[in-house]
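Welcome! Please take a look at the sequence and the model below, and then we can walk through a few of their features together.

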Amino acid sequence: MSVDTPRRIVLLRHAKAEWSQDSDHERPLAERGRKDAPVAGRKLVDSGIAFDLALCSTAARTRETWKLAVHEMPERPRTVYEERLYEASLGELIALVNETPDEVRNLLVIAHNPGMHALADALSGASEGDALARMNRGGFPTAAFAVVEFSGNWKSVEHGTGKLTEYWTPND
C-alpha cells in the first residue's frame with residue numbers, strides 16, 4: 001500500500017457506563033449505553049468505512065460497547081483488546097496509532113475520554129464543514145465518534161496531519 005494511500009482513523013468513545021462500586025475498569029454499560037452502542041454501530045456502517053482493524057480498551061464498558069456496535073456491522077474486523085488504551089494520555093494514544101501496521105487502511109479505536117476528544121482535536125489540522133467546531137463546542141459525549149482522514153503511513157500521524165471529516169453523537 002502506497003504512503004499516499006488515504007487512511008482513516010475512527011475514534012469511538014464508549015457508551016454511557018454505570019457508576020458502581022466496582023473498580024473503574026470493570027464498570028458496565030448503563031441502560032442508555034446499551035441503547036446507544038448499537039445506534040453508533042449502525043452509524044459507523046452508514047459511514048461506509050470498512051474497518052481493517054479495531055483497537056479496543058480492555059475496560060468492561062469499552063468491550064461491551066464494541067460487542068453491541070460490531071453486531072450491527074456486516075463483517076467483524078480483526079479486533080485487538082489493548083490495555084494501553086485504558087487511561088492513555090494523548091502522547092500514548094498517538095504512539096499506539098503510530099504502531100498500526102501499514103496494511104491497515106481504516107482503523108477504529110474504542111476507548112475513553114478525555115483521550116478520544118484530545119486525539120481527534122490534535123490530529124485534525126482541518127475540518128469538513130463545522131465538524132471541528134461542533135466537536136469542540138459539544139465535547140465528546142459517550143458513544144460519539146470522529147472520523148479523521150490523512151495520507152501517509154501510520155508512523156507519520158502526528159498533531160495536525162489529518163482532516164476531521166465526520167463527527168457524530170447520539171444526540172445528532
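Which residue is the bridge partner of Phe145 in S7? The partner is Trp168.

## About the model

This is a predicted model, in which local features need pLDDT of at least 70, side-chain atom pairs count only at pLDDT 80 or more, and totals for chains, interfaces and linings use all residues. Residues are numbered from 1 along each chain as its sequence is written, and side-chain values use heavy atoms, leaving out hydrogens and water.

## Strand S7 and its partners

Helices and strands here are DSSP runs (H or I, at least four residues; E, at least two), numbered from the N terminus. S7 pairs with S6 in the antiparallel sense over 5 bridges, where pairing requires that DSSP finds at least two bridges. S5 (residues 124–127) runs parallel to S7, joined by 3 bridges; Ser124 has Gly162 as its bridge partner in S7. Of the 7 residues of S7, 5 are buried (under 20% relative accessible area, 1.4 Å probe, protein chains only).

## The cores

The largest nonpolar core (buried Ala, Val, Leu, Ile, Met, Phe, Trp, Tyr and Cys joined through side-chain atoms within 4.5 Å) has 29 residues, with Tyr167 and Trp154 among those with the most contacts inside it. S1, S6 and S7 are among the elements that each supply at least two residues of this core. A second, separate core of 17 residues includes Phe145 and Trp168.

## Arg8

Arg8 lies in strand S1 (residues 6–13). Its side chain makes a polar contact (N or O atoms within 3.5 Å, one able to donate a hydrogen and the other to accept it) with the side chain of Asn106, at 3.0 Å.

Key:
Buried means under 20% relative accessible area, exposed over 50%, partly exposed in between (1.4 Å probe, protein chains only).
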